[in-house]
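User: Could you take me through one part of this model slowly, the place where chain A and chain B meet? I am in my first year, so please explain the terms as you go.

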Amino acid sequence: MSGKTVYDKLWDSHLVKKNEDGSALIYIDRHILHEVTSPQAFEGLRIAGRKPWRLDTNVATPDHNISTDPAERAAGVAGIPDATSRIQVQTLDDNCDHFGIKEFKMNEMGQGIVHVMGPELGATMPGFTVVCGDSHTATHGALACLAHGIGTSEVEHVLASQCLVTKKMKNMRVTVEGELGAGVTPKDVVLAIIADIGTAGGNGHAIEFAGSVFREMSIEGRMTVCNMAIEAGARVGLVAVDEKTVDYCKGRQFMPSGDIFEQAAEYWRTLVSDADAVFDTEVSIDGNAIAPQVSWGTSPEMVVPVTANIPKVEDQTDEVKQKGVERALEYMGLEGGAPITSVYVDRVFIGSCTNSRIEDMRAAAKIVEGHRVSSSVKQALVVPGSQMVKEQAEAEGLHKIFIAAGLDWREPGCSMCLAMNADKLGAGEHCASTSNRNFEGRQGSGGRTHLMSPEMAAAAAITGHIVDVRTFSGEQS
Amino acid sequence: MKAFTQHSGIAGPMDRANVDTDMIIPKQFLKSIKRSGFGPNLFDELRYLDEGQPGQDCSHRPVNKDFPLNKPRYKDASILLARKNFGCGSSREHAPWALEDYGFRTIIAPSYADIFYNNCFKNGLLPVILTEQQVDVLFKEMNAAQGYQLTIDLVAQKVIRPNGESFDFEIDVFRKDCLVQGLDEIGLTMQSADAIKEYEKTREASQPWVFGAIK
Ligand code: SF4
């Protein structure tokens, strides 16, 4: 018999029961909740007269539709301008209080975007199954977790039973060997992967990211990569445990300490794929060849290296692709064949569960330091992913660098990633964004998103157009 | 979930094909944080003359008197007679939530959209499938008689008419069992509660850090 992959090991260690129809009951170690996908689940519990199966597994926080404006935030829940959003946030507070679920409330230390908060508090531990009513839950796979998004009915299911009924996925390994060049970041790596395998490339699979590029990458960088597994079609993305994983876990709020930590770490170190493990699908990419990436279209696979031109309709091989490119160019208001660096940006968004951690803040600050946001840019938002990121960034004086350069320093939340609050693009506006989805209307009706790394977005804020961060000098053109 | 074995009640009409979920519950009501309370907005656009808003008190809204379910004779209807492809369109679980909240326990139609059909079972609502001819017979009898009452016997898989005659219907054994026993998916998982507890015991013995971390 061949060896096991990390995913196989995680699956086996959480199997409660196999059903005759091929589905299985899987135990869930950590459940993270937020205001948008939980209210009906809590109500369902109430109607059925059920209680959460375990309290010490759930952790909640509001993030999706809270305001990031400091003045509005200071006014508390009552200060949320939109009534529906206000009620949702209040309902999360009420439900958590009622059921006794640990919540980091809107302005409390610890609050943040669910996928930033979980790992930084140590609520996400290696070897865990982690679920959340949000499709970017794969982020937690950076700590070798089996982590994926679930729907509202499943949120209720997990609350009530601590289990999910699910089927095993296939194994896929994406190997990136080599060394990343200067100015090339984890975001560029994952965008290059999606451009290569496509948005359906990972369908039905759990992806393990392997190879020297990921071994060299920080845990935060691995989170950026796993975060976007869903954009490659995979609900699960993960990286095996190494010493960086163990070091990352040390000393975090919910992590064990002392002997128990050592015992846990010993187990965590077994979470690597066996040498003779077999993957259903294997892909490999040359890490040396990856350049900074930018999305030009309306799907996360519509990505080009910053040195390239926007694709032309006539260069597409088949009719379906031609139609796709044509429609995307039209929506984006772009001309095929023009250099991607010719695209001017109206707004810049540095944030989201993909790129709002302290390393992202530092990287963006380094670029903008000593420069000014281009006068053609209407707004450049920097939204830290959590209260802890915000506090750390302020301790390092990063906020001052951003403010001096003319960027807005905001309160933690999802913000312009999905535009459920006031942070939105106007119709036709182009945005250099560090988020993860560039679908039509994602950042506001008619808005045009260009996905890129924090460094690239910061550079675009200064020059006013998309620019190769490797040749960026800070001069405006 | 409420168990469903047998139900007797007044039948009411939704006499058109392809009733979509937006017709059952319009999109502006999806912003709600609730799963209940959709009853007053069931068929909102057909039922009222004005445009409904979430959170509004519907008791003072102008009612469309021509909409059959607004007629006094159908006031207490708990069985909905419908036409083919009922519940098509978006997958919103709010559609069965609204029907159930209104007071319907059963729908009788020649066919349903797949997702809607599935969603009904998750919410204790029984979607009965009869042939188009049989549904036609029921519509005719209902239109001819005030207070037309049907009995749905799920155990025997029969729709019993006032004259004592009945129509048989088919239903998947697993779904039938769930409804008869009042089991939803969560309820089913809860039947494995011992296995879950057993799993937790074993896990806690070898990996104590998994438990008790969040306080
Ligand atoms: S930041 Fe965006 S992708 Fe991430 S959880 Fe929030 S809305 Fe979802």
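**Where chain A meets chain B**

Analyst: Together, chain A and chain B bury about 3,200 Å², with 61% of that on carbon and sulfur atoms. Buried area here is the accessible area (1.4 Å probe) that two parts lose on being put together, summed over both. Three residues, Gln40(A), Arg50(A) and Trp53(A), supply 18% of the area that chain A buries against chain B, more than any other three residues.

A word on the source: this is a predicted model, in which local features need pLDDT of at least 70 and side-chain atom pairs count only at pLDDT 80 or more, while totals for chains, interfaces and linings use all residues. Residues are numbered from 1 along each chain as its sequence is written, chains are lettered from A and ligands numbered from 1 in the order in which they are written, and side-chain values use heavy atoms, with hydrogens and water left out.

Now let's look at who touches whom. On chain A, 46 residues are in contact with 33 residues of chain B, where contact means heavy atoms within 4.5 Å.

Next come the polar links. The rule finds one salt bridge across this interface, a salt bridge being a side-chain nitrogen of Lys or Arg within 4 Å of a carboxyl oxygen of Asp or Glu. You can find it between Asp29(A) and Arg203(B), whose closest N and O atoms are 2.8 Å apart. There are also 12 residue pairs in polar contact between the two chains (both at pLDDT 80 or more). A polar contact is a pair of N or O atoms within 3.5 Å; within protein, one must be able to donate a hydrogen and the other to accept it, and residues adjacent in sequence count only if both atoms are side-chain atoms.

Which parts of chain A make up this side? The elements that give two or more residues to it include the strands β1 (15-18) and β2 (24-27) and the helices α2 (39-48), α4 (83-99) and α11 (258-268) of chain A. Helices (H or I, at least four residues) and strands (E, at least two) are DSSP runs, numbered from the N terminus.

By class, the side of chain A that touches chain B has 22 nonpolar, 15 polar and nine charged residues. For this sorting, Ala, Val, Leu, Ile, Met, Phe, Trp, Tyr, Cys and Pro count as nonpolar, Asp, Glu, Lys and Arg as charged, and the others, Gly among them, as polar. By that rule, Trp53(A) is nonpolar, Arg50(A) is charged and Gln40(A) is polar.
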